[in-house]
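Student: Please take one part of this structure, the pairing of charged side chains, and examine it closely. I should like a single connected account that also sets this part in the context of the chain.

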Amino acid sequence: MGEKKLGRPTDNPKDIVLKIRLDNDTSRKLEECSEEMEVSKAEVVRQGISKMHDDLKK
C-alpha cells in the first residue's frame, strides 16, 4: 500500500529543510515579524525570499 502523509493536503509541499544560524538581533527581528504578521517564522523567511527575488527583477 502507498504511504500515508500526515498534515493538510497541499499543492506545494515543503520538503526541504534549511538550517541557519542567526545573531541575536536578527533572531529578535524574525520573532517580531512572526508575531506582528501572525505567521510562522518559516513563512516570514519564505516571504522575505520572495520579496528579495522580486527586487532582483527591478
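Tutor: The side chains of Arg28 and Glu32 meet in a salt bridge, with N and O 3.2 Å apart (a Lys or Arg side-chain nitrogen within 4 Å of an Asp or Glu carboxyl oxygen). The model is predicted, so local features need pLDDT of at least 70 and side-chain atom pairs pLDDT 80 or more, whereas totals for chains, interfaces and linings use all residues. Residues are numbered from 1 along each chain as its sequence is written, and side-chain values use heavy atoms, without hydrogens or water.

The spacing of this pair follows the helix. Arg28 and Glu32 are 4 residues apart in helix H1, and therefore about one helical turn separates them (helices are DSSP runs of H or I of at least four residues, strands E runs of at least two, numbered from the N terminus). Arg28 has a relative accessible area of 43% and so counts as partly exposed (buried is under 20%, exposed over 50%, partly exposed in between, with a 1.4 Å probe and protein chains only). Its partner Glu32, with a relative accessible area of 49%, is likewise classed as partly exposed.

A second pair belongs to the same helix. Asp25 and Lys29 form a salt bridge at 3.3 Å from N to O. The two residues lie in H1, which spans residues 24–37, and a step of 4 residues, about one turn of the helix, lies between them. Asp25 is partly exposed because its relative accessibility is 35%. Lys29 receives the same label, partly exposed, because its relative accessibility is 44%.

These pairs should be read together. Asp25, Arg28, Lys29 and Glu32 are linked in a network of salt bridges. Within this network, the contact of Asp25 with Lys29 and the contact of Arg28 with Glu32 each join side chains 4 residues apart in H1. The structure as a whole holds 6 salt bridges.

One of the others offers a useful contrast. Lys58 pairs with Asp55, the closest N and O atoms being 3.6 Å apart. Here Lys58 is exposed, because its relative accessibility reaches 80%. Asp55 is partly exposed instead, as its relative accessible area is 38%.

Returning to H1, one further residue deserves attention. Cys33 is found in this helix and is partly exposed, since its relative accessibility is 34%. Cys33 and Val45 are 12 residues apart along the chain, and their C-alpha atoms are separated by 9.8 Å.

The stretch that follows the helix has its own local feature. Glu38 sits in the loop between H1 and H2, the latter covering residues 41–56. The phi angle of Glu38 is near 55°, which is a positive value in a residue other than glycine. Most residues other than glycine have a negative phi. Glu38 is also exposed, because its relative accessible area is 72%.

On the other side of H1, Leu18 is placed in the segment before this helix. Leu18 counts as exposed, because its relative accessible area is 65%.

The wider setting is as follows. The chain's secondary structure comprises 2 helices and 0 strands. Of its 58 residues, 5% count as buried. The chain exposes about 6200 Å², of which carbon and sulfur atoms supply 53% (areas by the Shrake-Rupley method with a 1.4 Å probe, only the protein chains shown counting as cover for residues).

In summary, a salt-bridge network joins Asp25, Arg28, Lys29 and Glu32. H1, from residue 24 to residue 37, holds Asp25 and Lys29, and the pair of Arg28 and Glu32 lies in that helix as well. Asp25, at 35%, and Glu32, at 49%, are partly exposed. Lys58, which pairs with Asp55, is exposed at 80%.
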